Amino acid sequence: MNGKKGSVRIDIRTPETAKMSGGGPSSSDSMSPSKWIWDVWEFAKGDTNRVTFSLKVGLACLLVSLLILIRAPYQVFGTNTIWAIMTVAIMFEYTVGATFNRGFNRALGSLLAGIFAVVFMQIAMSSGHITEPYIIGLSIFLVGAITSFMKLWPSLVPYEYGFRVILLTYCLIIASGYRMGDPVRTAVDRLYSIAIGGLVAVLVNLLVFPIWAGEQLHKELVSHFDSVADSLEECVKKYLSDDGSEQPEFSKTVMDDFQDEPAYRKCRATLSSSAKLDSLANSARWEPPHGRFRHFFHPWAEYVNVGAVLRHCAYEVMALHGCLHSEIQAPFNLRCAFQSEILDATTQAAELLRSIGKDISNMKHGLRTSLLKRVHSSTERLQRSIDLHSYLLTSSHHLSTALSSNLIPSRDHSTDPDSKRVEPNAAHTLAPRVDSCHNTPKKQQRRQRSWPSIEVTDLQEDDIPRMSALESTTALSLATFTSLLIEFVARLDHLVEAVDKLARLAGFN
């Protein structure tokens, strides 16, 4: 839109004019080979295990393809060797545990499918040529219906892949065996090929630069502790440093800037980690003792429990982010009045989180009694400070005084009988803890009283009680922020208990 004030001109740009004016990324730039190579390089450098996994899959496929490329094994298995290649492609997973899990489902499903195929083919062949196709068709229908129903059963959901293998293998074996005339031979050859493919996939994944699900789970949980600690500190620091002078509009803040903040992204990654931790824990249960996890039946489920308790702490951090970006904000000088207590409690809580994450990373059972005492002490100081100066969060005496001095003609306080009724403690405490409202920036005044929208300069004498109520509402937002911080500290006790249980069951030093 261009033009003078009061007029609107809309320019409609065609694709040709947009391309000539450079108003958008060029397709040649986005699809250039150099940019594509750079993106691939950055993706591979972000996690070298991705390259390792890809090379291992290629190696496994090469090894099973020798069954076709070399004449001797091909003469034994024939075209059934394609099942070995298909088994490797389907069964090879990112981690060793996931591959073992897939392999178990694949082996059990193929074995059951082969047995069912042989039994039904013998029954069909003994019934005569007329009824044989009907029995085969009915068996395919029954196997498809039963396996599809069983894989939906809640307790059998982890074995959903096995039921798919039963259905696929049974249909292929019995359909091809019916035309080839020797179903038993066909089933045995295909089971041999599947066994060879599964064995190659397991050995390559286990012996060539193995990627352990247990190690991945361990590192993932430790990273979440650091993420929650960083997110908490960034949120509190921004809350105490935001004076509202350059704060954008509420709608723009929520829609555009809120989700792009690093603290929000870190905390959101922790909240969405439930499925990933569950998947890694389920895969780790299939892995043999390895690395630092040298005993059988390692308590992988406790990692998931610790992650669940940590997510409950992260919920409070997300609530703090909501207060940070809320429309109704406490005055900046009121936030500064409790700055030292809030920062102290935040620093101690973040230090405790990082200490727990470090102990889990090193597999050490550290005593966190002193850290917990410091966190509780700092939180108690914050609570006492809020209780001691609670009148700042509920009383509007200082606002009425400030507005009266600015908007109402001054009165002779010597003749005013009400002027002597001033709380003795409030007069001494109020001045150093918080300034009057009219000293705050004008943009912040508009923001903190945006519910409902009102300007200080538009107030009349009759509006002072209403303005006092609005000031109390904005001040209570600080009480909300501090109560969420105290609740976060309270949840740390449950987190410490969960980590202590993990350390005890896992045998941390």
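The paragraphs below lead through this predicted model, from its annotated membrane segments to its nonpolar cores and then to one helix that can be followed face by face.

The UniProt record, an unreviewed entry, places the feature "transmembrane region" at residues 53-74, 80-100, 107-128, 134-154, 161-179 and 191-213. In the model, residues 53-74 are 95% helix and 0% strand, with end C-alpha atoms that lie 28 Å apart, while the span of residues 191-213 is 78% helix and 0% strand, its end C-alpha atoms being 28 Å apart.

The largest nonpolar core holds 65 residues, and those that touch the most other members are Phe225, Ile342, Leu353, Phe488, Leu492 and Leu495. Two or more residues each come from α11 (213-241), α13 (262-271), α14 (274-284), α15 (300-324), α16 (332-337), α17 (339-362), α18 (369-388) and α23 (464-506), and of these α23 gives the most, with 15 residues. Phe488 can serve as a point of entry: leaving aside residues up to four places away in sequence, Phe488 touches Val228, Leu232, Cys313, Glu316, Val317, Ala349 and Leu353. Apart from the largest core lies another, of 12 residues, among them Ala124, Ile166, Tyr170 and Ile174.

Helix α13 offers a closer view of how one element is placed. Its buried residues are Ala263, Tyr264, Cys267 and Thr270, and because these fall within an arc of 125 degrees when seen down the axis of α13, they line one face of the helix. An α-helix has 3.6 residues a turn, so residues three or four places apart point the same way. The cover over the buried residues of α13 includes α11 and α15.

How values were computed. Residues numbered from 1 in each chain as written. Predicted model: local features only at pLDDT ≥ 70, side-chain atom pairs only at ≥ 80, totals over all residues. Heavy atoms only, no water. Core = buried A, V, L, I, M, F, W, Y, C linked by side-chain atoms within 4.5 Å. Buried < 20%, exposed > 50% of the residue type's maximum accessible area, 1.4 Å probe, protein only. Helix = DSSP H or I, 4+ residues; strand = E, 2+ residues; numbered from the N terminus. Contact = heavy atoms within 4.5 Å. UniProt positions renumbered as here; feature names shortened; annotations may be inferred. Arc of directions from axis to C-beta.
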